[in-house]
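Hello,

Here is the two-chain file I promised to pass on to you. Please have a look at it first, and then read on for my notes.

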Amino acid sequence: MTPGGAIRWRQVGTRAVVYTALGVSAFIIAFPFYWMVVSTIRPESEVYTVALNLLPSTLSFHMYRKLLADPQLPVIRFFLNSLVIAIGATVVNVATAVLAAYALSRHRVPGGTLFYYLIVATMMVPGEVVLIGLFRVVNALQMIDTYQGMILPLAVNAVNFLLIYNYMLGLPRELDEAARVDGAKIRQVLWHITLPLTKPALYSATLLAFLSAWQNFTIPYLLTQSNNMYPLAVGALFAENTIMATKQEALTLATILTLPTLLVFILTQRFVFSGITAGAIKG
Amino acid sequence: MMADRSVARPPKPALWARMFQERTAYLFLAPILLVYTAFSLYPIVQTFELSFFDAKIVEQGPFVGLKNYRDILASTSFHQALGNTLVFTAGSTVVVLVVSLALAVLVNISWVRGKTLFKVIYFLPVVTSLVAVGYIWKWMMDPSYGILNVALSLVGIHPGPNWLSNPSLALWSLVLVNIWKWVGYFLIIFTANLQAIDQSYYEAASIDGAGAWSQFYRITLPLLRMAIILSVILGIVNFLKAFALVFVMTQGGPAGRTELMATYVYREAFGTGQMRFGFSAAASMVLFVMIMIFTALANRFGKAGEVAL
């Protein structure tokens, strides 16, 4: 038992504790996903049981087939609605943010500071806080139960504007100015010079906008009335409340709702993380 | 002063001339201002206005002054929702931050392998719709078939708790799920901040014989101070507006014990059949003021650019 040996054992002990803590936490986070998916692909009799069966005895996709064929529950329609709404909100959010970020970061517009604060102020009024006002506005515009009625409120996301704006502020202006002197129009400068340089921030903003619009429940729940306009998130709740879906059906809908965002995130995690931490590092 | 004036400067163009010069910039600003005003700023103004009227859905109804505010102050269900919201927000914020900071410190240890894998796993719930999160956990918390109680019965605890229907437990079950959903988000913020800390501090401290704990207290915590303050505020703002989890998991029950401000507002306006829009708008304004206070604090302490997702 040399002192060196004792230190080595202590190091091994520390590593074991650290990896155990990280591993157990990862298990707690990941297990519910496993359990959700497994509950949807096993025979129904195995779902409602008080025995602990971590593995399905046989794989069975009957629930997916049943749901896709259910005339009361247009799952494919829900899925397409989610896609239209999330993509629409992403496009409107990023496009408006890019234009405004460019105008405010490159031009000294009279009133610019006021406009900046108006945009940023929307962060204080998340949809959950303005349910009533939002309902009345969308209703007055006769947009209840329409795609644009959901896309436009979901496109309000000033975080992405800030992400792009701060990124553009960090880019050198010389290129813009040189191009302007050479007679390029503003939109040409934006399209051919500034936008290519802003790509990393654009990727992050696009992903964050899509992920949050796809997940959102409150706004489509508030602003839809007929079930063929529901996105998946609302359709899943409708299934449980109105047509009394079984637990297994509800979990199958939850799986269909979850897998697209998980997949997008896993493939693009680098940009998602850099988008979230862009403004978060304080020196 | 005099010298300043004598320097030849191009005359400053008139305001309208500058505005005309920047007409393309205004054109670029128009879409965002239009959309954000119509679907965020104007709705809060509308909500504020309605809170002084006896409004029913689309009709504005008669002006009633502060009556709606007096009504919510006198309403026990409002008090309950407010209290639940404060408990939910405070409980979630404290635990989420402690857990995410601890995990971030561990993940960030230099010899830990698989950093990205851990971070990706911890982040999965953040990109999962709360509706799905609610279903997963409602299923796992099912009193008879849920895996939590099945597992508990294996270690002799039988019957297990009624996670979502026990009045004194339900709110804490929601807090638990909310923690599960958000730990990864704050972990990412903390790891980014930890990576920004200069490693030479730690090297100097170990040379001086400081152990892991004292390094954490004397170096890591003080240097993360701003990130922690910011995360506290972001957590509060985010959790104050919680809505979907309650809607999916408990519908506010049992006996209003999990009713939160946002779901209360919704139910009073659209759910009770009374369509009390004015009353509901007044309750919204209370929530708005709370969020505004914390957002203002966030702006004071740093960029509030993280309230994403």
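What share of the 309 residues in chain B is buried? The figure is 44%. Before I go further, please keep in mind that this is a predicted model, so every value below is computed from predicted coordinates.

**Chain B overall**

Chain B contains 15 helices and zero strands. Its radius of gyration is 25 Å, whereas a compact globule of 309 residues would come out near 19 Å. Taken along the principal axes, the C-alpha trace of chain B covers about 90 × 75 × 30 Å. Of the chain B contacts with a separation of 6 or more, 71% join residues 24 or more positions apart.

The domain assignment splits chain B into domain 1 (14-50) and domain 2 (67-301). Their C-alpha centres are 34 Å apart. Four residues from domain 1 of chain B and six residues from domain 2 of chain B take part in the contact. On the domain 1 side of that contact there are three nonpolar residues, one polar residue and no charged residues.

One helix you may like to check is α12 of chain B, residues 225-240. With 16 residues at 1.5 Å a residue, α12(B) should span 22 Å, and its end C-alpha atoms are 23 Å apart, which agrees. Many residues of α12(B) are buried, among them Ala227(B), Leu230(B) and Ser231(B). Towards the end of the helix, the buried residues include Ile233(B), Leu234(B), Gly235(B), Ile236(B), Val237(B), Asn238(B), Phe239(B) and Leu240(B).

**Chain A overall**

Chain A has 14 helices and zero strands, so your viewer should show α elements from the N terminus on. Buried residues account for 47% of its 283 residues. The radius of gyration of chain A is 25 Å, against a value near 19 Å for a compact globule of 283 residues. Its C-alpha atoms occupy a box of roughly 75 × 75 × 30 Å along the principal axes. Among contacts in chain A with a separation of 6 or more, 74% are between residues 24 or more positions apart.

Chain A is also assigned two domains, domain 1 (3-60) and domain 2 (65-277). The C-alpha centres of these domains of chain A lie 34 Å apart. Each of the two gives six residues to the contact between them. On the domain 1 side, the elements that give two or more residues are α1 (3-40) and α2 (44-47) of chain A. The largest share, four residues, is from α1(A). By class, that side of domain 1 of chain A holds three nonpolar, two polar and one charged residue.

**Where the chains meet**

How many residues does each chain bring to the contact between chain A and chain B? Chain B brings 87 residues and chain A brings 82 residues. On the chain B side, helix α3 (residues 23-50) gives the largest share, with 20 residues. The chain B side divides into 69 nonpolar, 13 polar and five charged residues.

**The core**

The largest nonpolar core has 180 residues, and those with the most contacts inside it are Ala100(A), Ile164(A), Ala236(A), Val131(B) and Leu287(B). Helix α4 (residues 75-106) of chain A provides the largest share of this core, 15 residues.

Ala236(A) is a good place to zoom in. Beyond its neighbours within four places in sequence, Ala236(A) contacts Ala250(A), Leu253(A), Ala254(A) and Leu257(A) in chain A, along with Val131(B) and Tyr135(B) from chain B.

**A closer look at Thr194(A)**

Thr194(A) sits in helix α10 (residues 186-197) of chain A. Is Thr194(A) buried or exposed? Thr194(A) counts as buried because 21 other C-beta atoms lie within 10 Å, and the cut-off for a buried residue is 20 or more. Outside its neighbours within four places in sequence, Thr194(A) is in contact with Tyr102(A), Met168(A), Leu171(A), Asp176(A) and Val189(A). Of these partners, Asp176(A) is 18 residues from Thr194(A) in sequence, and their C-alpha atoms are 7.5 Å apart in space.

Happy browsing, and best wishes!

Key: Residues are numbered from 1 along each chain as its sequence is written. Chains are lettered from A and ligands numbered from 1 in the order in which they are written. This is a predicted model: local features need pLDDT of at least 70, side-chain atom pairs count only at pLDDT 80 or more; totals for chains, interfaces and linings use all residues. The radius of gyration is taken over C-alpha atoms; the globule rule is 2.2 Å times the number of residues to the power 0.38. A residue is buried if 20 or more other C-beta atoms lie within 10 Å of its own, exposed if 12 or fewer, and partly exposed in between; C-beta atoms are placed from the backbone. Two residues are in contact if their C-beta atoms, placed from the backbone, lie within 7 Å. Domain bounds come from an automatic or database domain assignment. Ala, Val, Leu, Ile, Met, Phe, Trp, Tyr, Cys and Pro count as nonpolar, Asp, Glu, Lys and Arg as charged, and the others, Gly among them, as polar. The expected span of a helix is 1.5 Å times one less than its number of residues. A nonpolar core is a set of buried Ala, Val, Leu, Ile, Met, Phe, Trp, Tyr and Cys residues joined through C-beta atoms within 7 Å.
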